[in-house]
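Here is my note on the chain you sent round. Please read it with the structure open beside you.

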Amino acid sequence: MRSAIRPALMLCLITAACGPAPGLRPAGGGWGDVPAISAGDYLLRDAAMFGLTGQESLDEAGAVIQSRLAPAERPEGNYAETLKIFSGEIIGLDRGAVVLTQSGLPDDAVETEQHVIEFAIYAETGAAAATAYGTRQTCRRGGNPGVFTNRPCP
C-alpha cells in the first residue's frame, strides 16, 4: 500500500521544519476573516509544539491545540477564547485550519493573541497534518491599537 503522505509533507513531519506549503492556500486567500499564514502577517512558529501525530481529525487537532494553549489559570477580567475550525473538504479542498483567538489578556501590551494552524487533510482517512503555524496579536498601545500585527507590542 502506498503512503498517502506527499514527499514534501513527509520531510516537513520528519524535520519539524514546517512552513506554509506552496499552493496550500484556501479559496479567497484566508480562513473567514483570518488571512492564510505568511511571514508578512504572522510570526511563524513550529507546530511540533502541539505533539500532533498527523492522524488526528481536524476537530481532534483543534481540541489538542486549545488545551495546549490554555492558560494555567483562567485570567480575571474579560478574558475570552474563540476556537474556529475551517475545513475546505466541503468545497473539494484538501486543507483546513484551526484558529484560536484569546482576547482580554492580562498583559499591559498585548490585548488579543491569535494562533492559526493550517493543515493538509487526507480525504481517505480524514486525518489532518499540520503544515504551518503562525501567531499575531493586537496591541493596547502604539500606532495601530486593536489592529493585528506580527510585531512585538510597545
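1. **Confidence comes before anything else.** This is a predicted model. The mean pLDDT of the chain is 82, and 81% of the residues score at least 70. The weak part is residues 1-28, where pLDDT stays under 50. The model still has 42 contacts beyond four places in sequence for that stretch. Where pLDDT is low, the predicted coordinates should not be read in detail. Helix H1 (residues 7-15) has the lowest mean pLDDT among the elements, at 35. Strand E3 has the highest, at 97.

2. **Overall layout.** The chain has two helices and seven strands. Along the sequence they follow the pattern α-β-β-β-α-β-β-β-β. Of the 154 residues, 38% are buried. Take the contacts with a separation of 6 or more: 52% of them join residues 24 or more positions apart. About 8,500 Å² of the chain is exposed, and carbon and sulfur atoms supply 53% of that area.

3. **The sheet.** Five strands make an open sheet, in the order E3-E7-E6-E5-E4, with antiparallel pairing. Its edges are strand E3 (43-45) and strand E4 (80-87), each of which pairs on one side only. From one strand to the next, the twist averages 20°. As a reminder, strands of a sheet pair through backbone hydrogen bonds, either parallel or antiparallel.

4. **Strand E5 and its two partners.** How many of the nine residues in E5 are buried? Eight are, which leaves the strand mostly covered. On one pairing, E4 and E5 run antiparallel and are joined by eight bridges. Glutamate 81 stands opposite glutamine 102 of E5 there. On the other, E5 (residues 95-103) pairs with E6 (residues 110-122) over nine bridges, again in the antiparallel sense. Valine 98 stands opposite isoleucine 117 in E6.

5. **The turn between E5 and E6.** These two strands form a hairpin, with six residues between them. Look at glycine 104 in the turn: its phi is positive, about 70°.

6. **The salt bridge.** The count for the model is one salt bridge. It links the side chains of aspartate 94 and arginine 95, with an N to O distance of 3.3 Å. That pair qualifies because the cut-off is 4 Å between the side-chain nitrogen and the carboxyl oxygen. Are the two partners buried or partly exposed? Aspartate 94 is partly exposed, at 26% relative accessible area. Arginine 95 is buried, at 11%. The two get different labels because buried means under 20%. In general, side chains of opposite charge can pair when their charged atoms come close.

7. **Glycine 134.** This residue is in strand E7 (residues 127-139). Its relative accessible area is 0%, so it counts as buried. What does glycine 134 touch, leaving out residues up to four places away in sequence? The list is Ile37, Tyr42, Leu43, Leu44, Arg45, Gln114, His115 and Val116. Serine 38 is worth a look as well: it lies 96 residues from glycine 134 along the chain, yet the two C-alpha atoms are separated by 7.9 Å.

Definitions and conventions. Residues numbered from 1 in each chain as written. Predicted model: local features only at pLDDT ≥ 70, side-chain atom pairs only at ≥ 80, totals over all residues. Heavy atoms only, no water. Buried < 20%, exposed > 50% of the residue type's maximum accessible area, 1.4 Å probe, protein only. Helix = DSSP H or I, 4+ residues; strand = E, 2+ residues; numbered from the N terminus. Contact = heavy atoms within 4.5 Å. Areas by Shrake-Rupley, 256 points an atom, 1.4 Å probe, with all protein chains shown as cover. Pairing = 2+ DSSP bridges. Axes fitted to C-alpha atoms, helices over the stretch in contact; angles between N-to-C directions. pLDDT = per-residue confidence, 0-100.
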